[in-house]
Amino acid sequence: SRLGDIIHLPEALYTARTAAVSDDAKGEAQFSYVDPRNRSSQIEMEKAVTAHLHALNAEVDHTQLNHIDFSGSDFPVEASVIIPVRDRHRTIADAVRSALSQVADFDFNVIVIDNGSTDGTSEILDEIASTEPRLKIIRPTTQPAPGIGGCWNLGLHSKDCGRFAIQLDSDDIYSRPDTLQMIVDKFHERRCAMVIGSYSLTDFNGNPLPPGLIDHAEWTDENGPNNALRINGLGAPRAFFTPVAREINFPDVSYGEDYAMGLAISRDYPIGRIYESLYSCRRWEGNSDHALSPERINRNNHYKDRIRTIELLARIEKNRKS
């Protein structure tokens, strides 16, 4: 439709369209927009996208964002680490134990959504839970099984979920003992609805992989919500003020669900950033995004383009009413 032609961001301004290239080249392209060597061209593209959003009346004014008052909500714990998992017997114990070993001045728990594992993951979780009451396990029974976004919704709406819901993938581990403390402190400092940290790419054994630290230093408090529509991701680990995330909810998919949530939050609320590495993102042959075909990559990019279009419409409508 003509409206669709108007509201889509120009494709030339997107980052990292990936063709049939090697895994190393794919990784380099995926993170090209956080490479300091590309900073000048990234600033130029950010200006072009922001001007486009302004012309569409879809620009977010950071001075009009809503700051959070955290005093009025009652939760069983201050923070919950949420881990969706399916068939990760090699990594799930490391992930859970890295979360349980966090040191903080508040109570927290770990909520694992065990989404139909059949490889021994469930038994590993049950063994840890038998001696660790802070580990809460949710096992979905609906058919078809939920996607990662659906698993997140189950964790968010659980009676055990804390005031802040903090992400950890089942392949990964927190790299420092005060990660949760840093994230919760950032929520209170910025009175924001979402906090995004930084991570380091490593192999399975923790050895660094290029490009190393992924910190999304391209983000600015003034224009981050607008530039977010251009880049292909917002970073990790991600954490959410639970009432806001419960109101929005994740799309029940297994790709782009976090990006959709981040865009929706950035429309109305500030996002806090932490530029120090908070966890190790371990790359190995069992990763769900390992060696994706060009066709799958194109489908993923198409879905994120749809998310952008939906978000553009929402921002246009919000600005029209204001």
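A nonpolar core here is a set of buried Ala, Val, Leu, Ile, Met, Phe, Trp, Tyr and Cys residues joined through side-chain atoms within 4.5 Å. Buried means under 20% relative accessible area, exposed over 50% and partly exposed in between, with a 1.4 Å probe and protein chains only.

This is a predicted model: local features need pLDDT of at least 70, side-chain atom pairs count only at pLDDT 80 or more, and totals for chains, interfaces and linings use all residues. Residues are numbered from 1 along each chain as its sequence is written, and side-chain values use heavy atoms, with hydrogens and water left out.

**Whole chain**

Start with the full cartoon. The protein chain has eleven helices and nine strands. These are DSSP runs numbered from the N terminus: helices are H or I with at least four residues, strands are E with at least two. Of the 322 residues in the protein chain, 53% are buried. Contact means heavy atoms within 4.5 Å. Among contacts in the protein chain with a separation of 6 or more, 82% come from residues 24 or more positions apart.

**Core**

Select Ile83, Val96, Phe187 and Ile265. They have the most contacts inside the largest nonpolar core, which has 73 residues. Then colour α4 (92-100). With six residues, α4 gives the most to this core. In soluble globular proteins, nonpolar side chains tend to be buried together.

Centre on valine 96. Setting aside neighbours within four places in sequence, valine 96 is in contact with Ile83, Val112, Leu125, Ile128 and Leu135.

**Helix α5**

Two of those contacts, Leu125 and Ile128, lead to the next stop. Select helix α5, residues 121-129. Its buried residues are Thr121, Ser122, Leu125 and Ile128. Viewed down the axis of α5, they fall within an arc of 125°, so they line one face of the helix. The arc is taken from the directions from the helix axis to the C-beta atoms. Turn to the face away from the buried side: Glu123 and Glu127 are exposed there. The cover over the buried residues of α5 includes β1, α4, β2 and β3 (135-138).

**Helix α3**

Move to α3 (39-56). This helix has 18 residues and reaches 26 Å from first C-alpha to last, close to the 26 Å expected at 1.5 Å a residue. The expected span is 1.5 Å times one less than the number of residues. Show side chains for Gln42, Met45, Glu46, Val49, Thr50, Leu53 and Leu56: these are the buried residues of α3. Down the axis of α3, they fall within an arc of 140°, so they line one face of the helix. On the other side, Ser40, Glu44, Lys47, His54 and Ala55 are exposed. Just after α3, check asparagine 57, which takes a positive phi of about 60°.

**Aromatic pairs**

Now show the rings. A search of the whole structure finds nine aromatic pairs. Rings of Phe, Tyr and Trp (its six-membered ring) pair if their centres lie within 6.5 Å; planes under 30 degrees apart count as stacked, over 60 as edge-to-face and the rest as tilted.

Select phenylalanine 70 and phenylalanine 241. They form an edge-to-face pair, 5.0 Å centre to centre with 80° between the planes. Phenylalanine 70 lies in the loop between α3 and β1 (79-85) and phenylalanine 241 in strand β8 (residues 238-241), so the pair ties together parts 171 residues apart in sequence. Both phenylalanine 70 and phenylalanine 241 are buried.

Step to phenylalanine 240 and phenylalanine 250. This pair is also edge-to-face, at 5.5 Å centre to centre and 90° between the planes. Phenylalanine 240 lies in strand β8 and phenylalanine 250 in the loop between α9 (242-248) and α10 (257-268), so the pair links parts ten residues apart in sequence. Both of these phenylalanines, 240 and 250, are buried.

Add Phe164 and Phe187 to Phe70 and Phe241: the four form one aromatic cluster.

**Phenylalanine 204 and threonine 91**

Centre on phenylalanine 204. Arginine 90 lies over its face, 4.6 Å from the ring centre. The charged end of arginine 282 sits over the ring of phenylalanine 204, 4.8 Å from its centre. A charge counts as over a ring if NZ of Lys or CZ of Arg is within 6 Å of the ring centre and within 35 degrees of the ring normal.

Pick threonine 91, in the loop between β1 and α4. Threonine 91 is buried, with a relative accessible area of 0%. Beyond neighbours within four places in sequence, threonine 91 is in contact with Ser170, Asp171, Phe204, Arg282 and Trp284.

**Phenylalanine 106**

Finish in the loop between α4 and β2 (108-114), where phenylalanine 106 is found. Phenylalanine 106 is buried, with a relative accessible area of 14%. Leaving out neighbours within four places in sequence, phenylalanine 106 is in contact with Glu78, Ala79, Leu180, Gln181 and Val184.
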